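Colleague: I am new to reading structures, and I would like to learn how the words follow from the values. Could we go through it together?

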Amino acid sequence: DAAKNESSWLARYSDNIESRYLRRLDIITELKRALISEQSELSMVYQPKIDLRSNTVKGLEALIRWNSKELGFVPPDEFIGIAEQAGLIEIVTEWVINQVIVDTSTLREAGHPVSIAINLSTQDVENSALLGRFFEKLEQFELNSSDVQIEVTESDLVADQNLAIQNLDALRERGFKVAIDDFGTGYSSLAYLKDLPVDVIKIDKSFVLNLSKSIEDQQIVNTVLKLADSFNLEVVAEGVEDEVALSLLSEWGCHYAQGYFISRPLPLPDLLKWFEQTPYC
Ligand code: C2E
Ligand code: MG
Ligand code: MG
Ligand code: MG
């Protein structure tokens, strides 16, 4: 009986490995197709971020979406990591950059000259040719690099600390603002934070989603705010889903907030409509 149990466990285990392997293969194949296809399966959505001192829109975060004809909706948390491992991230990021620049200039023409945050992976930050093209493209559209925030996750940063410092310095030399994304989940030490050339901390949404109810989360967020203040860093809280969380953050002096309570990430046409009716102006 024990042997039978073990073999069924093994069967399930290998089934699981095989299905994950097949899913990965599907994603790589379909993503390659999407990147060269004329019909755009890829798109960008934009989530507003507000300044809690003035209650006005501070900027937008650009987030990629993939609606695959074959696989349906595939979340970026699933396909970005696979794109990195499969050597496809440069093409994905190039696509993101070009789309974001066009959309940002459309927004400016519509009377909304907002700053924009883009998520980059380590491989992008190390890719000086890609960053050079990004910079040139901004100039071509008469946009300022100081209006662009680069978000890099804390876990990417802790993976290679010396390299991270050099690369972040290079970004800031080009005028980009740099934010540590998902702060609190990447296990960086406080000593490390002191040495990191960054401008902004984004508190991970896992500490913010239940802020109105969880005393522990309230203590964590409070501590991060004090820490950021002593290092002169700006703080964004992501994942603000209710009014109580928003007013707590504002009371505690958090600078910026982002989350479904303010707005979901929106496609450009919906964002333009949102701007017309938002109280945050
Ligand atoms: P992130 O950069 O930390 O982005 C925040 C995520 O939280 C987004 O998920 C956003 O839709 C979601 N979010 C925002 N407000 C709320 C809220 O109030 N409640 C909840 N539950 N969620 C909220 P999304 O768009 O699925 O992106 C997931 C991650 O994928 C991003 O996390 C980022 O790391 C990565 N990603 C997204 N777009 C890109 C991209 O263009 N390039 C790269 N390299 N990574 C990207
Ligand atoms: Mg982000
Ligand atoms: Mg985040
Ligand atoms: Mg994240």
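Colleague: What makes you place Ile17 in helix H1?
Modeller: In this predicted model, helix H1 covers residues 2-36, and Ile17 is found in it.

Colleague: Why is Ile17 called partly exposed?
Modeller: Its relative accessible area is 45%. Buried means under 20% and exposed means over 50%, so a value in between is called partly exposed. Ile17 also helps make a nonpolar surface patch of about 430 Å², together with Trp9, Leu10 and Tyr13.

Colleague: Why is Asp181 called buried?
Modeller: Asp181 has 5% relative accessibility. The cut-off for buried is under 20%, so the word fits. Glu238, with a relative accessible area of 9%, is buried too.

Colleague: What makes Asp181 and Glu238 donors of the magnesium ion (ligand 3)?
Modeller: The protein donors, from Asp181, Asp182 and Glu238, lie 2.0 to 2.4 Å from the ion. A donor atom here must be within 2.8 Å of the metal, so they qualify. Asp181 lies in strand S6 and Glu238 in strand S8, so the pair ties together parts that are 57 residues apart in sequence. Asp181 also bridges this ion and the magnesium ion (ligand 2), and the two ions lie 4.2 Å apart.

Colleague: How do you know that Glu241 makes a polar contact with ligand 1?
Modeller: An N or O atom in the side chain of Glu241 is 2.6 Å from a nitrogen atom of ligand 1. A polar contact needs a pair of N or O atoms within 3.5 Å, so this pair counts. As for ligand 1 itself, it exposes 810 Å² when taken alone, and the protein buries 88% of that.

Technical notes:
Residues are numbered from 1 along each chain as its sequence is written. Chains are lettered from A and ligands numbered from 1 in the order in which they are written. This is a predicted model: local features need pLDDT of at least 70, side-chain atom pairs count only at pLDDT 80 or more; totals for chains, interfaces and linings use all residues. Side-chain values use heavy atoms; hydrogens and water are left out. Patches are made of residues with over 30% relative accessible area and no salt bridge: like charges are joined within 9 Å, nonpolar side chains (Val, Leu, Ile, Met, Phe, Trp, Tyr) within 5 Å. Accessible areas come from the Shrake-Rupley method with a 1.4 Å probe; for residues, only the protein chains shown count as cover. A salt bridge is a side-chain nitrogen of Lys or Arg within 4 Å of a carboxyl oxygen of Asp or Glu. Helices (H or I, at least four residues) and strands (E, at least two) are DSSP runs, numbered from the N terminus. Buried means under 20% relative accessible area, exposed over 50%, partly exposed in between (1.4 Å probe, protein chains only). A polar contact is a pair of N or O atoms within 3.5 Å; within protein, one must be able to donate a hydrogen and the other to accept it, and residues adjacent in sequence count only if both atoms are side-chain atoms. Donors are N, O and S atoms within 2.8 Å of the metal (3.2 Å for Na, K and Ca); water is not among the atoms, so sites may look incomplete.
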